[in-house]
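Trainee: I should like to learn how strands, sheets and a ligand shell are read from a model. May we go through the examples one at a time?

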Amino acid sequence: MRYSQALLPTLKETPAEAEVVSHRLMLRAGFMRKLTSGVYSYLPYGLAAIRKVENIVREEMNRAGAQELLMPMVQPADLWRETGRYEKYGPELLRFHDRHDRESCLGPTHEEVITDIIRKELHSYRDLPINLYQIQTKFRDEIRPRFGLMRGREFVMKDAYSFDVSDRDAEISYLKMFEAYKRIFTRCGLEFRAVQADSGAIGGNFSHEFMVLASTGEDTIVICQDCEYAANMEKAAVILEDEKITEVPAELEKIETVGKRKVAAVCDFLQIEPNQLVKTLVFLADGEPIAVLVRGDREVEEVKLKNLLGVAEVKMADDRQVFEATGVPTGYLGPVGLSLRIVADQEVAAMVNFYVGGNEKNYHMRNVNPGRDFQVENVADLRQITTSDPCPECGGRLELTEGIEVGHIFKLGTGYSESMQATFQDSDGVEKPFVMGCYGVGVSRVVAAAIEQNHDENGIIFPVPLAPYQVIVLNLGLKDEAISGMAEKLYRELQEKGVEVILDDRDERPGAKFKDADLLGIPFRVTVGKSFVGKGLVEVRERRTGEVEELRPEDVVEKLC
Ligand code: ATP
Ligand code: MG
Ligand code: MG
Ligand code: MG
């Protein structure tokens with residue numbers, strides 16, 4: 001590419017709207033331009049960086065045995081109604097009517113569409129496992145789009161979905177993705193951690209977020225200094241305190257107490273993540289509001305919570321024996337709570353999440369429907385983990401740090417396949433729902449996260465695998481035949497060797513060319529200028545270290561290939 005012909009509009013001034021360094025540098029280096037809130041046009045340089053990430057993701061997904069497909073962005077509301085998500089997803093889902101007045105939405109994620117494909121195309125255990133992915137533009141009507149590509153409303157995501165015959169196999173698919181994600185983010189040159197995230201109704205450690213460590217991250221993560229434990233703060237264990245509940249969510253007061261019993265409950269769904277809904281029960285204990293979320297509760301007749309360390313007595317609706325009813329404290333919604341795992345006849349029968357106190361914004365209630373009876377004793381307030389608490393796994397020292405969520409893998413289980421009647425015939429002849437997993441990478445966010453981690457006061461310092469060009473050749477003597485001839489020659493030779501190279505052949509002062517080369521973050525700068533005329537030498541400078549070498553032109557190509 002010749003800079004003189006490229007659409008690569010760099011800015012000297014820092015745009016006022018940009019709060020974080022990656023956003024500032026991406027605007028200044030001509031990556032993208034804003035069309036409207038959270039929606040950007042990717043200009044050639046920015047798109048090239050996004051493509052670099054896409055290619056790494058694609059190679060690693062293919063290596064892990066996944067197949068690429070491409071699903072539509074426009075999705076019919078009726079498909080979303082099958083899983084109940086059309087009503088429940090909330091305002092991040094952009095809904096509209098077409099000219100025939102059919103309700104539609106723009107895909108923020110694709111569980112419904114992929115499950116629809118699979119239920120129509122695959123019918124036998126012989127077809128499984130299968131993992132399908134796409135790299136595509138997503139739309140989420142984020143309440144606060146900000147930080148440029150870090151939280152757009154329109155953004156590029158890789159989303160993959162696995163289908164397996166059993167829980168065990170689904171866990172194998174999950175682990176393959178875990179490994180693929182480690183390779184992806186390592187190859188992108190990022191400093192990252194895989195952290196435990198809330199795995200909701202599934203239980204176990206089957207949800208991980210991949211976090212790029214950066215002070216501008218919107219997530220707080222807990223990392224143990226002495227063992228491998230790392231978790232999203234939302235998931236990290238909470239500590240029991242003796243205080244009573246003081247804050248009462250306003251909506252809870254509207255709920256009637258049922259009967260004379262200690263506890264009244266009302267049913268609803270709560271959206272805890274755009275792609276996650278949970279069945280909830282909201283509890284009043286003797287008129288005092290506490291909030292309780294219950295998943296898989298149809299099978300559970302009664303839960304008697306012994307204490308908030310996670311020990312409970314449970315009676316099932318059928319005659320199954322309860323083997324285990326223990327849980328760990330969690331803090332998911334801001335309020336803190338307790339997640340209880342109920343194992344009956346060797347199967348995880350239910351997850352019961354108790355939330356205490358909390359942020360009223362998170363309670364979203366309709367269909368109020370007086371529920372069932374539970375006994376809750378000694379409900380105390382809980383608080384989230386801090387650095388003065390011991391590590392929940394080894395008792396070691398904890399550290400809190402900020403992270404940017406660049407990837408998220410999740411075992412979904414059979415929630416989607418059951419609600420959409422997506423089944424296959426197993427080897428025993430029985431029709432069973434597919435056991436699913438989903439796996440996302442925020443492709444455009446990865447570019448922003450890479451810049452958060454790799455920059456200095458002069459601009460971006462691209463990790464080589466993400467750099468749109470590995471080399472920039474500066475022609476500092478447009479009117480000098482020898483200099484121009486050599487710059488052109490190096491440009492051609494590097495191109496012939498397959499190096500991605502841009503030739504700065506603009507009619508600009510040397511100072512401006514040096515500044516732009518730094519701003520763009522291209523790993524190697526080759527300068528053909530005065531010392532070529534004087535000594536026959538060309539300067540090669542590494543962006544990251546600032547190291548400079550003067551080389552004979554014939555050695556330059558060799559060094560950079
Ligand atoms: P966040 O917590 O940041 O809102 P999320 O948990 O809602 O993200 P997922 O549903 O897990 O996102 O989507 C998979 C990946 O897509 C995320 O790990 C993230 O990297 C990326 N992503 C999500 N929302 C955005 C966004 N608004 N802009 C850019 N990337 C995003
Ligand atoms: Mg989100
Ligand atoms: Mg998240
Ligand atoms: Mg997520």
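Trainee: Which residue is the bridge partner of C224 in β24?

Mentor: In this predicted model, C224 is bridged to L398 of β24. That bridge belongs to a longer pairing: β11 (residues 219-224) and β24 run antiparallel and are joined by six bridges.

Trainee: With which other strand does β11 pair in the antiparallel sense, and over how many bridges?

Mentor: β11 also pairs with β12 (residues 230-232), again in the antiparallel sense, over three bridges. Here I223 has A230 as its bridge partner in β12. Five residues lie between β11 and β12, and the two strands form a hairpin.

Trainee: How should I think about the side chains along such a strand?

Mentor: In a regular strand, side chains point alternately to one face of the sheet and the other.

Trainee: Which elements each supply at least two residues of the shell around ligand 1?

Mentor: They are β8 (154-164), β24 (398-413), β27 (435-442) and α8 (443-453). β24, the partner of β11, gives the largest share, four residues. The shell around ligand 1 holds 17 residues, and the closest are F155, H408, G440, G442 and R445. By character, the shell comprises four nonpolar, seven polar and six charged residues.

Trainee: In what order do the strands of the three-stranded open sheet lie?

Mentor: The order is β4-β6-β5, with antiparallel pairing. β4 (74-76) and β5 (95-97) each have a single partner strand and stand at the edges, so one side of each lacks a neighbour in the sheet. On average, neighbouring strands of this sheet are turned by 40° against each other, direction ignored. Three bridges link β4 to β6 (residues 103-106); V74, for instance, has L106 as its bridge partner in β6.

Trainee: Is the pairing in the five-stranded open sheet mixed or antiparallel?

Mentor: The pairing is mixed, and the strand order is β31-β30-β32-β33-β34. At the edges are β31 (501-504) and β34 (548-551), each paired on one side only. The average turn between neighbouring strands of this sheet is 20°, direction ignored. β33 (residues 538-542) and β34 form an antiparallel pair over four bridges, and E539 has E550 as its bridge partner in β34.

Trainee: Which helix packs on this sheet, and which strands does the helix touch?

Mentor: Helix α9 (residues 481-496) packs there, touching β30 (471-475), β31 and β32 (524-528). The direction of α9 makes about 165° with that of β30.

Notes:
Residues numbered from 1 in each chain as written. Chains lettered and ligands numbered in written order. Predicted model: local features only at pLDDT ≥ 70, side-chain atom pairs only at ≥ 80, totals over all residues. Pairing = 2+ DSSP bridges. Axes fitted to C-alpha atoms, helices over the stretch in contact; angles between N-to-C directions. Contact = placed C-beta atoms within 7 Å. Near = placed C-beta within 6 Å. Nonpolar A, V, L, I, M, F, W, Y, C, P; charged D, E, K, R; others polar.
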